[in-house]
Amino acid sequence: MDFSAAILSKLLEIFRSPWILAAIVILIAIMIRIGVSGSNALERGRISLDEGDTTMAVHHFRESVSWVLPVAPWREDSAEALWSIHVGQVESGQLKEAVQTLSMLRAGLMAGRSILGPDEAWHEKVDSALAPLMARWEAKAAVQEGRPIPGSLKEREAHFAQILSRDTLPSRGYGLIAILGFFMWCFAVWRSTGATGKSRMKIL
């Protein structure tokens, strides 16, 4: 019981620190900013889509996907909306627009990548659809422009799939080192606030 009380007392002492409170307030503010921005972008995308402005809807949905939190329902809704737009464009023969829409979805997903590697299922889904779509669009454009098609459709699909596969996650090792170093620096600053004696601070 005494041990538990000591731990509780220590935790309360830590959270009374102005540095810790400031860090918590900043973190909460950032999370609110991300949540509001992501949700607003999703709503703007829906409004643009209802108005028939597919181009602006795609841009807004892409922005929404790029705002990331561990729990971010707006990202899934925006990704599904972009996927549905691309499917409709493919069915109507708009290959160029479909490639652009999928590319925007992919860009939003890439903006949210980190050492944790979220959205892997979406990345695989998008890349598996984007490579053959790019090959079809390239072949269609070649026919329309009267130039030879560069290789077979399968060869071009493999070519684009190889290009898309080159995107990798940030280095987890270096990322963890950077995060650890940052928290060690914050801890050192916090410890220094409780130091006694002559200040070592110098005016720069």
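## A walk through an all-helical chain

Asp-119 is found in the loop between α5 and α6, and this residue is a convenient place to enter the model, which is a predicted one. Although Asp-119 and Leu-109 stand 10 residues apart along the chain, their C-alpha atoms are separated by 6.9 Å. Once the neighbours within four places in sequence are set aside, Asp-119 is in contact with Arg-75 and Leu-109.

From this loop one can step back to the chain as a whole. Its secondary structure comes to eight helices and zero strands, so that, read from the N terminus on, the elements run α-α-α-α-α-α-α-α. The chain has 204 residues, and buried residues make up 29% of them. Of the contacts between residues at least 6 apart in sequence, 58% join residues that are at least 24 apart. The area that the chain exposes is about 13,800 Å², and carbon and sulfur atoms supply 65% of that area.

The structure holds five salt bridges, and three of these can be followed here from helix to helix. In one of them, the side chains of Glu-63 and Arg-44 meet at 3.0 Å, taken from N to O. Because Glu-63 lies in helix α3 (residues 54–66) and Arg-44 in helix α2, this pair ties together parts that are 19 residues apart in sequence. Glu-63 is partly exposed, with a relative accessible area of 27%, and Arg-44 also counts as partly exposed, at 34% relative accessibility.

Helix α2 takes part in another such link, since the side chains of Asp-77 and Arg-46 meet in a salt bridge with an N to O distance of 3.7 Å. Here Asp-77 belongs to helix α4 (residues 73–91) and Arg-46 to helix α2, and therefore the pair ties together parts that are 31 residues apart in sequence. Asp-77 counts as partly exposed at 36% relative accessibility, while Arg-46, with a relative accessible area of 39%, is likewise partly exposed.

A further salt bridge leads back towards the loop where this account began, for it involves the side chains of Asp-127 and Arg-106, which meet at 2.6 Å from N to O. Asp-127 lies in helix α6 (residues 120–145) and Arg-106 in helix α5 (residues 95–111), so this pair ties together parts that are 21 residues apart in sequence. Arg-106 counts as buried, because its relative accessibility is 11% and buried means under 20%.

The surface of the model also carries patches of like character, and one of them is charged. Glu-43, Asp-50, Glu-51 and Asp-53 gather there in a patch of negative charge. Of these residues, Glu-43 has its place in helix α2, which covers residues 18–50, and Glu-43 is partly exposed, with a relative accessible area of 42%.

Another patch is nonpolar in character: Leu-21, Ile-24, Ile-28, Ile-32 and Val-36 together make a surface patch of about 410 Å². Val-36, one of its members, is placed in helix α2 and is partly exposed, its relative accessible area being 45%. Helix α2 has thus come up several times along this path, as the place of Glu-43 in the negative patch, as the place of Val-36 in the nonpolar one, and as the helix that holds Arg-44 and Arg-46, the arginines of two of the salt bridges described above.

How values were computed. Residues are numbered from 1 along each chain as its sequence is written. This is a predicted model: local features need pLDDT of at least 70, side-chain atom pairs count only at pLDDT 80 or more; totals for chains, interfaces and linings use all residues. Side-chain values use heavy atoms; hydrogens and water are left out. Patches are made of residues with over 30% relative accessible area and no salt bridge: like charges are joined within 9 Å, nonpolar side chains (Val, Leu, Ile, Met, Phe, Trp, Tyr) within 5 Å. Accessible areas come from the Shrake-Rupley method with a 1.4 Å probe; for residues, only the protein chains shown count as cover. A salt bridge is a side-chain nitrogen of Lys or Arg within 4 Å of a carboxyl oxygen of Asp or Glu. Lys and Arg count as positive and Asp and Glu as negative; His and the chain ends are not counted. The place of a charge is taken as NZ of Lys, CZ of Arg, CG of Asp or CD of Glu. Helices (H or I, at least four residues) and strands (E, at least two) are DSSP runs, numbered from the N terminus. Buried means under 20% relative accessible area, exposed over 50%, partly exposed in between (1.4 Å probe, protein chains only). Contact means heavy atoms within 4.5 Å.
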